[in-house]
Amino acid sequence: MGDVAARLAGIVGDRNLLTGEAISDDYAHDEALTAEPQKPAYVAKPATAEEVAELLKAASEYNVPVTARGSGSGLSGAARPQRDGLLISFERMNAVLEVDTGNHVAVVQPGVTLAELDAKTAEAGLSYTVYPGELSASVGGNVGTNAGGMRAVKYGVTRNNVLGLQAVLPTGEIIRTGGKTSKVSTGYDLTQLIIGSEGTLALATEIIVKLHPRLPHGATVLAPFGGFEQVMAAVPAIVSSGLGPHILEYIDNLTMAAIVYNEKLELGVPDKIRETCEAYLVVALENRDGGRLDEDVETVGELLGELGALDVYVLEGPAARKLVEAREKAFWTAKAAGADDVIDVVVPRTAMPQFIAKARELAMAAGGGALGCGHAGDGNVHLGIFCKDDVKRKQLLTDIFAFAMELGGAISGEHGLGRTKAGYHQDLEDPAKIELMRRIKQSFDPAGILNPGVLFPEGTA
């Protein structure tokens, strides 16, 4: 261990290598509810891609497992290190290297937070549109999990907004993939392969992200519905209307009640309607012109009424902002309510009512509950799972995930598999696909040092 520590300290400097008691508890976990915290043997804080390359060379030589960490805001355990492992923290690699207004891209280091990038791009009247719900999240972490968020209905997820990478392979080789161009038809798309690989194939050290014009005018419309089926029937009508909402969310009535209570929101919804509605639809619109935005708000209000909304409320600035922020932080609401796990299954949009009804039915049969909200525009369902018995909960999640896949969906839409959902994926996915993924992993990481236990359960990769 002394030899390893000396080697690592020689790469990043004594001040940037932590061992033993110097490693704080914060480095032992991410925000996953079911991944037990675990301190690593070493925490290294590199400042350059070359230092990352040397760290990975050393880890391969000494057979030390490596976990990458951005802000630690992930929900799948992918940023939780191993006891004898090396945690590479990108907290020092946190610069916005360039905002290129001609090509509408930014070049950033992986430790840059979404809040920092937003502030920098705002100066140029531009915006990076991936908002997964936590502005303290790092861009590198978002690349690892292919994070999405509420704006995906209009702007897509991380993979739709990353054009290129500088990445370090576990062999210590530094590669560049993609670039500032939106078209590439030259060989395998390594950029897209690395995105969503949860730190198991390579570590991104520079990221080229796509930027969009920052539109100055926005409005949020809240529509309560008496039945969840009505909510979901309204979604394709709104999407096909041409109004182009950048947020299209559903929130069930119990989750909304918890959000309103926790955040002390005043939404103007009368008690009679709150008591009779089953779920809410949140529609956010934006435009470069205030007059056109007003016309769009009027149109969407009329459309929602025709589609069966009990009423329609246009939320004023503070209330709209607080509701959207609270929805973005729905995980914390579920955690505060005592959820035993949080899942983010994705299914075809039209299958959401069937999936949610079945998930609730399965949870009740297991003596628990399943409550939540989700991205109605893209079929990503976020549920807090309440089931204290570990054995029953494992079977419940297996059944829920299996049903989602039967509907043509997947276990995770944006949180990733990490350590917490890898076993379910192993059991439920097509074995031929699992074996292909293993071969890809082996080709990138022959020594098997990058995030063992993530995507593939421990001892199976």
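This tour goes through two sheets, a pair of helices and one loop residue.

Before you select anything, note that the model is predicted, that local features need pLDDT of at least 70 and side-chain atom pairs count only at pLDDT 80 or more, while totals for chains, interfaces and linings use all residues. Residues are numbered from 1 along each chain as its sequence is written, and side-chain values use heavy atoms, with hydrogens and water left out. The element names follow DSSP runs, numbered from the N terminus, where a helix (H or I) has at least four residues and a strand (E) at least two.

**First stop: the five-stranded sheet**

Select β5, β6, β10, β8 and β9, which in that order form an open sheet with antiparallel pairing; two strands count as paired if DSSP finds at least two bridges between them. Strands of a sheet pair through backbone hydrogen bonds, either parallel or antiparallel. At the edges lie β5 (96–100) and β9, each of which pairs on one side only. From one strand to the next the twist averages 10 degrees; angles here run from 0 to 180 degrees between N-to-C directions, and axes are lines fitted to C-alpha atoms, for helices over the stretch in contact.

Now add helix α2 (residues 49–62), which packs on the sheet and touches β8, β9 and β10 (203–210), its direction making about 50 degrees with that of β8. Helix α3 (residues 114–122) also packs on the sheet, touching β5, β6 (105–108) and β10, and its direction makes about 40 degrees with that of β5. Contact means heavy atoms within 4.5 Å.

Zoom in on β8 (residues 162–168) and β9 (residues 174–178), which run antiparallel and are joined by five bridges. In β9, I175 is the bridge partner of A167, and T177 is that of L165. The two strands form a hairpin with five residues between them, and in the turn you can select G172, whose phi is positive at about 95 degrees.

**Second stop: N161**

Step back to N161, in the loop between α5 (152–155) and β8. Is N161 buried or exposed? Its relative accessibility is 0%, so N161 counts as buried, where buried means under 20% relative accessible area, exposed over 50% and partly exposed in between, with a 1.4 Å probe and protein chains only. Leaving aside residues up to four places away in sequence, N161 touches several others, among them Y128, Y155, I208 and H212.

**Third stop: the seven-stranded sheet**

Next select the open sheet of seven strands in the order β15-β12-β14-β13-β17-β18-β16, again with antiparallel pairing. Its edge strands are β15 (313–315) and β16 (341–343), each pairing on one side only. Within this sheet, β17 (residues 369–375) and β18 (residues 380–386) run antiparallel and are joined by seven bridges, and F386 in β18 is the bridge partner of G369. Add helix α10 (residues 290–306), which lies across β12 (217–225), β14 (279–287) and β15 and runs at about 155 degrees to β14.

**Last stop: α13 and α14**

Finally, select helix α13 (residues 352–365) and helix α14 (residues 390–406), whose axes come within 10 Å and cross at roughly 165 degrees. The two helices are therefore roughly antiparallel, a term for angles over 145 degrees. Residues making the contact include F355 and L362 of α13 and I400 and F403 of α14.

How values were computed
Angles under 35 degrees count as roughly parallel, over 145 as roughly antiparallel, 65 to 115 as roughly perpendicular and the rest as oblique.
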